Amino acid sequence: MNKAAEKEILSFEDFKTEVLNDYKIATVSRECSLLGRREVLTGKAKFGIFGDGKEVPQLALAKSFQNGDFRSGYYRDQTFMMAIGAMNIQQFFAGLYGHTDINQDPMSAGRQMGGHFATHSLDENGQWKNLTEQKNSSADISPTAGQMPRLLGLAQASKIFRNVKGLEEFTNFSKQGNEVAWGTIGNASTSEGLFFETINAAGVLQVPMVMSVWDDEYGISVHARHQTTKENISEILAGFQRDENKNGYEILRVKGWDYPALVETYQKASKIAREEHVPVLIHVNELTQPQGHSTSGSHERYKSKERLAWETEFDCVAQMRQWMLANNIATEEELAEIETTAKKDVLEGKKAAWTAFTAPIKAEQQELVALLNTIAASSANKVFIEKYANDLAAIKEPIRKDIITTARKILRMIIGENGQSQLATWITNYTNTIQPKFSSHLFSQSDKNVFSVQEVKPTYDETAEEVDARLVLRDNFDAIFAKYPETLIFGEDSGNIGDVNQGLEGMQEKYGEFRVADAGIREATILGQGIGMAMRGLRPIAEIQYLDYLLYAIQIMSDDLATLQYRTHGKQKAPLIIRTRGHRLEGIWHSGSPMGMIINAIRGIHVLVPRNMTKAAGFYNTLLETDEPALIVECLNGYRLKEKMPTNLGTFKTPIGVVETIKEGSDITLVSYGSTIRLVEQAAKELETVGISAEIIDIQSLLPFDINHDIVKSVAKTNRLLVIDEDVPGGASAYILQEIVENQKAYRHLDSEPQTLAAQPHRPAYGTDGDYFSKPSVEDIFEKVYAIMHEANPKKFPSLY
């Protein structure tokens, strides 16, 4: 036999080995889905949603997925994760059980239900790993199409790395921008606006993104005819197809059960996206969902007998099996052995996962039972305690709720007895150990968290001139862009005209369109661009033109960005800075102050409310030395006010979570932030004329809030408190009041009722008069304070009305 023939035979053997390995992965994944459903139905797991029916196209995707690439997908992609070596059988079941050990469930440490996949971008200290040496999956979220905006940013990062000078040394994040971002979505979820917004933006930006649509004709129980025009997503997106004259997408279609065609299609898509930086849409149709949508129901209720029969025949794993047999790639015996081994391996992996999950809980159960029996021996309630202990011991598969509720109920029985202190100590220690398993990593726990940065005050020379405040921002951004090549900013009108208030004047001309860029009117994907690029080591600043427009993106901020560190147990981060402007805007749609809604929706993101542009610039400088996301709300009516130009641009830093006392006083503490501070200052001057001395505190940072508890120190001096805010009643003012009165325990120092002064409950009417009669005015503040002082001393301060 000549060498060429020998090479050809070896090549076929290698091909056969690869195909059989793929079939093994598909079979293992299918068995995980089948056994996973049984675990839910028998009560061992809470809920299950699996990837059965999507195995073969995911194998094809995995073959073209390279180190450095990123996935942004949804909860059916388990086969893909197994194929790239990012999840094994035991880890699959650990996720299903909600195991709180990140080593057992590396996807989320039990914080998300199974089917939500992630790889680790950060090491144990919260520092970046080399993302180019591993295959990456951004952490999934459940909201349908919620993964799409982030996908755009993951893809755009490659474009930035390829085109922006100064990033050559960022080799941990990119190899000349050759990485592809791969998206996956179910056909029904393409009806979401986030899908269309992202598809359009990716076509405009021409980024290396491959979007796979897994099409099984249904969205839960609802057929495609109720979901998609023409029942065909690739057909209605045909206008996005690129041609020789116009940029656009490469649109590919392939049947989800055709293994060789799938492999070829994904190789083609990878080459186009990777080399040409062109987005690709792959419509994978004729897929099935053998067990229905989830463990909540059966698809036999809504699929016809004909459809069910078709799904049995065209199941992708069954079709792959037939193809291998028909093409002499494998024998019946070889395939049967793979299938038998898969069943055995999955069962063993499931048992190992269950044992690892239950063992520590059973140890905790036994520890408490022993303690309760000891306490019972000397208790007047011995009989009742022993019953509780026996009932707890009898639970074969306890959860931690069973343990802690038993302990807390018994504590009530032994008040004043010798065992009370011992049990109370056990409960406290147990809670301190267990609670972090469910609550840690809302914010960064690395040495780059926001509290690691020390304040640096702005400095001024003797000839410092008073300039329009926007120039302080502009020149500070200039210093930032020069200092940090990884920093970029983008948004509506941010590029060519230098933003609507010219805080970026001349920056695009100086730093180029990749770093200072205009964006379309599409707030959700502006946020998504920022999230994805931040996850790949860049430092984006995403600009939302006005605060009210943030509502378009609040879902992405709340469900994706705010939860990222939490839902990955600190294994992924996106230190995105969101820039916007608000406060004292006029009109229903531009009122600029829905702060209560925002701060309660985006816990996990810092919310900073500087009163002027120097403070705002200092926040940008601080955040660029941290690894946490934040929202900065600049004062819209402050850009043309005069401020001195600092000499240390780019280096002065406003501390986060620290309030500032901007006027000393003795009679009452006035607390506010943003543009309202200027009204408070004016009111305080007028109050002085009637003998009322007000202390003014600028909050500066709503999240986090007054970490040094400086406000309560002021209240201890003045014994009175008024919170002024232009949000609706019960909005941010209620949050601020709780922080001061309850958390800082200011009630101990109050001689008068703590009060709030907020805007009207309706949106502000248009115009200056609309603003005056809708939001707090100087006169409102004066009279509110005066009324508080009248109640305290009516003789000195007789009633105004």
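**View 1. Helices α13 and α14 cross in this predicted model.** Helix α13 (residues 400-413) and helix α14 (residues 419-439) have axes that come within 10 Å and cross at roughly 150°, where axes are lines fitted to C-alpha atoms, for helices over the stretch in contact, and angles run from 0 to 180 degrees between N-to-C directions. The two helices are therefore roughly antiparallel to each other; angles under 35 degrees count as roughly parallel, over 145 as roughly antiparallel, 65 to 115 as roughly perpendicular and the rest as oblique. The crossing of α13 past α14 is left-handed, a term used if the near helix is turned anticlockwise from the far one by less than a right angle, with right-handed used if clockwise. On the α13 side the contact (heavy atoms within 4.5 Å) involves R400, I403, I404, A407, R408, I410 and L411, while α14 contributes residues including W426, I427 and Y430. By class, the residues of this contact divide into 11 nonpolar, two polar and three charged; Ala, Val, Leu, Ile, Met, Phe, Trp, Tyr, Cys and Pro count as nonpolar, Asp, Glu, Lys and Arg as charged, and the others, Gly among them, as polar. Helices (H or I, at least four residues) and strands (E, at least two) are DSSP runs, numbered from the N terminus.

Residues are numbered from 1 along each chain as its sequence is written, and side-chain values use heavy atoms, with hydrogens and water left out. Since the model is predicted, local features need pLDDT of at least 70 and side-chain atom pairs count only at pLDDT 80 or more, whereas totals for chains, interfaces and linings use all residues.

**View 2. Helix α4 meets helix α11.** Helix α4 (residues 89-97) packs against helix α11 (residues 332-376) at an angle of about 50°, with the two axes 8 Å apart, and that makes α4 oblique to α11. The crossing of these helices is right-handed. From α4, the contact takes in I89, Q90, F93, A94 and Y97, and among the contributors from α11 are V346, G349, W354 and F357. The residues of the contact of α4 with α11 comprise 10 nonpolar, two polar and two charged.

**View 3. An open sheet of seven strands carries helix α21.** The strands follow the order β11-β10-β12-β13-β15-β14-β20, with mixed pairing; two strands pair if DSSP finds at least two bridges between them. At the edges stand β11 (516-518) and β20 (701-703), each with a single partner strand, so one side of each is left without a neighbour in the sheet. From one strand to the next, the twist averages 20°. Within this sheet, strand β14 (residues 606-608) pairs with strand β15 (residues 630-635) in the parallel sense over three bridges, and H606 stands opposite A630 in β15. Helix α21 (residues 613-623) packs on the sheet and touches β12 (539-543), β13 (577-582), β14 and β15, its direction making about 165° with that of β15.

**View 4. Helix α15 packs with α21.** Helix α15 (residues 469-483) and α21 pack at an angle of about 15°, their axes lying 8 Å apart, which makes α15 roughly parallel to α21. The crossing of α15 past α21 is right-handed. Contact residues include L473, F477 and I480 of α15 together with M613, A617 and Y620 of α21. Sorted by class, this contact of α15 with α21 has nine nonpolar, three polar and one charged residues.

**View 5. An open sheet of five strands is packed by helix α22.** Here the strand order is β17-β19-β18-β21-β22 and the pairing is mixed. Strands β17 (660-663) and β22 (755-757) stand at the edges with a single partner strand each, so one side of each is left without a neighbour in the sheet. Strand β18 (residues 668-672) and strand β19 (residues 694-698) run parallel and are joined by five bridges, and the bridge partner of L670 is I696 in β19. Helix α22 (residues 676-688) packs on the sheet, where α22 touches β17, β18, β19 and β21 (721-724) and has a direction at about 170° to that of β19. Helix α26 (residues 778-792) lies across β18, β21 and β22, and runs at about 165° to β22.

**View 6. Backbone details appear at Q700 and P704.** Most residues other than glycine have a negative phi, and most peptide bonds are trans. Q700, in the loop between β19 and β20, has a positive phi near 70°. A cis peptide bond, with omega about 0°, joins L703 and P704, and P704 has its place in the loop between β20 and α23 (710-718).
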